[in-house]
Amino acid sequence: MQQTGSQLFLCILINWGSAIAKIVGANAAKYDKFDTTVNMWVFEETVNGRKLTEIINTDHENVKYLPGHKLPPNVVAVPDLVESVKGADILIFVVPHQFIVRVCDTIKDHIKKDAIGMSLIKGVDASPEGLKLISEVIRGKLGITMTVLMGANIANEVADEKFCETTIGCKDKEHGLLLKELMQTTNFRVTVVEESDVVEICGALKNIVAVGAGFCDGLGFGDNTKAAVIRLGLMEMISFAKVFCTNCPVSPATFLESCGIADLITTCYGGRNRKIGEAFAKTGKTIEQLEKELLNGQKLQGPATATEVHQVLKQKNMVEKFPLFTAVYQICFNGHPVSEFIKCLQNHPEHM
């Protein structure tokens, strides 16, 4: 399948996009089937008196969000969103999920109709009609084929080229093999599975569990307690997938991929959702305050996803069946004492 263009979407609010740009740029230059130039949309801002796009295109480094890592010279930062997507056969979406509708509305009349989309966005969208995965939102807005990539992939470690795995969810075998070739490196190993909805829901829900794991750290609980929170969180993830992923089977094997248990463990011991959960328990500051103080402009996904999930669970009258998801939401936004977190889990359905 010959590609005439390969575009990367990056909202410069997150460092994960730059880490992926490093991989995609290197592979696009390496393989003939991809166009060499990778356009990367960058939300323009001024850093040390210079435009960020100028810094990236001149110094080949995202000095604000991924400092110390050189990007391939064929990765071109483009501040104009519409200009960045023109002629693209592959569109990779790496923006906080709160912004995806605005991005899609901006580009929908300017993309190729047979483009392949890949979402690396970890979140869900709740509406009066129920739950929508972010890939569904993009597909609905743009009318293109969508795939997803989720895994135990902390951005700085990926950029450092430390060995790790990831999972691509793709129902079309040919597209899956193409995207694996675009993404895989010696130290970034890719598995392709067909259960794309399950892959995506894992990527969203694990951030809620990670906030709970952060509460454990902030409250001074030990490894046994944190392990229990991770296990109960995994069971809620599986139960949620069985209820809401109706377009594909939900097999236990998918939860054993990098997008499942591996990503859950990694996020509960590292990553910004755990970090903010710990700080929330220790300081009593709001989620919004901690996001501004500790994340250097990045956006937190766990509490926002907890809100979306809680809305859907209320619609389905299923709140009591997901006490961990519910507790994170109530603690973050409704003033429920964080000290009561474990009490919310002591009568968990998994113990009945």
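**Aromatic packing, helix α11 and backbone outliers in a predicted model**

Phe 322 and Phe 325 are both buried, where buried denotes under 20% relative accessible area, exposed over 50% and partly exposed the range in between, computed with a 1.4 Å probe on protein chains only. The structure is a predicted model, in which local features need pLDDT of at least 70 and side-chain atom pairs count only at pLDDT 80 or more, while totals for chains, interfaces and linings use all residues. Residues are numbered from 1 along each chain as its sequence is written, and side-chain values use heavy atoms, with hydrogens and water left out.

Aromatic pairs were assigned to rings of Phe, Tyr and Trp (its six-membered ring) with centres within 6.5 Å; planes under 30 degrees apart are classed as stacked, over 60 as edge-to-face and the rest as tilted. Seven aromatic pairs result from this rule. Phe 322 and Phe 325 form a stacked pair, with 5.9 Å between the ring centres and 10° between the planes. Ring pairs also join these two residues with Phe 240 and Phe 244 in a cluster.

Helix α11 covers residues 258–269; helices (H or I, at least four residues) and strands (E, at least two) are DSSP runs numbered from the N terminus. The expected span of a helix is 1.5 Å times one less than its number of residues. For the twelve residues of α11 this gives 16 Å, in agreement with the 15 Å between its end C-alpha atoms. Buried positions in α11 are Ser 258, Cys 259, Gly 260, Asp 263, Leu 264, Thr 267 and Cys 268. These buried residues pack against β10 (145–150), β11, α8 (196–219), α9 (223–244), α10 (252–255) and α12 (272–283), contact being heavy atoms within 4.5 Å. Lys 226 lies over the face of Tyr 269, 3.9 Å from the ring centre; the criterion is NZ of Lys or CZ of Arg within 6 Å of the ring centre and within 35 degrees of the ring normal. Gly 271, which follows α11, has a positive phi near 85°.

Most residues other than glycine have a negative phi. Asn 48 departs from this with a positive phi of about 55°. Asn 48 is in the loop between β3 (46–47) and β4 (50–51) and is exposed, at 77% relative accessible area. Glu 161 likewise has a positive phi, near 65°. Glu 161 is in the loop between α6 (155–159) and β11 (164–169) and is partly exposed, at 48% relative accessible area.
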